[in-house]
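I opened the coordinates to make a few notes on fold, rings and one acidic side chain. The entries below are in the order in which I looked things up.

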Amino acid sequence: MSYGETPSQTVGPYFAYGLTPVQYGYDFTDLANSVVAGPDAQGEHIRVIGQVFDGDGALVSDAMIEIWQADEAGQYSSEPVSMDNAGFRGLGRCGTGTDADSCFIFHTVKPGCVVDAAAPFINVTVFMRGMLTHAFTRLYFSDESDANAACAVLQSVSADRRDTLIAKRLDTPTGPEYRFDIYMQGDRETVFFDV
């Protein structure tokens with residue numbers, strides 16, 4: 001008796017209604033969305049924008065990116081599911097499925113250095129179709145070259161791959177923007193961490 005191949009499992013459809021419902025038009029409450037820091041949050045207000053690419057270099061239109069970061073003083077929010085008194089949440093989620101260019105866009109503030117870290121960074125988690133386990137990486141900032149050079153975690157990555165963790169700054173008429181594209185596989189694959 002032959003049972004054939006076991007079908008692959010995927011976690012893809014859950015993102016839309018379970019983790020980013022408002023973005024996709026569902027009438028559920030979001031615990032987190034793309035606004036990590038409100039207009040009253042202290043610090044330099046920035047946008048983080050990027051796209052996710054699969055192993056063939058094609059855009060992934062149904063990924064979800066989650067970020068977690070410190071505020072401008074290097075402190076993590078004690079209540080990440082709601083804005084604190086300063087308008088800072090510290091946690092954000094954004095799906096790529098509602099943007100015409102399959103982008104994720106976060107509105108936040110540039111983080112300060114946390115204890116025992118030499119450079120500011122944002123923790124990034126990638127969820128997407130076909131992945132049963134999400135992938136973890138970090139976003140560092142291109143305009144923090146001295147701090148990046150002193151960061152033990154960033155320096156532990158081979159020199160020829162560090163640039164996959166560096167978001168490029170662009171000053172736009174509406175404020176600073178950091179471009180951070182994520183490549184899941186291939187020659188330009190983003191460095192992911194085992195945590």
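These notes go from the whole chain to the rings and then to a single loop residue.

**Entry 1: the chain as a whole.** I noted before anything else that this is a predicted model. I counted the secondary structure and found 3 helices and 9 strands. Reading from the N terminus, I wrote the order down as α-β-β-β-β-β-β-α-α-β-β-β. I then looked up burial: the chain has 195 residues, and 45% of them count as buried. For the surface I have about 10400 Å² exposed, with 51% of that supplied by carbon and sulfur atoms. I also checked how far apart in sequence the contacting residues are. Among contacts with a separation of 6 or more, 69% are between residues 24 or more positions apart.

**Entry 2: aromatic pairs.** I searched the whole structure for aromatic pairs and got 5. One of them is Phe141 with Tyr178, an edge-to-face pair with 4.8 Å from centre to centre and 80 degrees between the planes. I looked up where the two rings sit: Phe141 belongs to strand β6 (residues 135-141) and Tyr178 to strand β8 (residues 175-179), so this pair ties together parts 37 residues apart in sequence. Are these two rings buried or exposed? Phe141 has a relative accessible area of 0% and is therefore buried. Tyr178 is also at 0% relative accessibility, so I put it down as buried.

**Entry 3: charges over rings.** I stayed with Phe141 and asked what lies over its face. I found Lys110 there, at 5.3 Å from the ring centre. A second case turned up at Phe121, where Arg138 lies over the face of the ring at 3.6 Å from its centre.

**Entry 4: Asp54.** I went to Asp54 next and placed it in the loop between β1 (45-53) and β2 (64-68). Why does Asp54 count as buried? Its relative accessibility is 17%, and the cut-off for buried is under 20%, so Asp54 falls on the buried side. I then looked for a polar partner of its side chain. A polar atom of the Asp54 side chain lies 2.9 Å from the backbone nitrogen of Asp56. Which residues does Asp54 touch, if those up to four places away in sequence are not counted? I listed Val60, Met184 and Gln185.

Definitions and conventions
Residues are numbered from 1 along each chain as its sequence is written. This is a predicted model: local features need pLDDT of at least 70, side-chain atom pairs count only at pLDDT 80 or more; totals for chains, interfaces and linings use all residues. Side-chain values use heavy atoms; hydrogens and water are left out. Helices (H or I, at least four residues) and strands (E, at least two) are DSSP runs, numbered from the N terminus. Buried means under 20% relative accessible area, exposed over 50%, partly exposed in between (1.4 Å probe, protein chains only). A polar contact is a pair of N or O atoms within 3.5 Å; within protein, one must be able to donate a hydrogen and the other to accept it, and residues adjacent in sequence count only if both atoms are side-chain atoms. Contact means heavy atoms within 4.5 Å. Rings of Phe, Tyr and Trp (its six-membered ring) pair if their centres lie within 6.5 Å; planes under 30 degrees apart count as stacked, over 60 as edge-to-face and the rest as tilted. A charge sits over a ring if NZ of Lys or CZ of Arg is within 6 Å of the ring centre and within 35 degrees of the ring normal. Accessible areas come from the Shrake-Rupley method with a 1.4 Å probe; for residues, only the protein chains shown count as cover.
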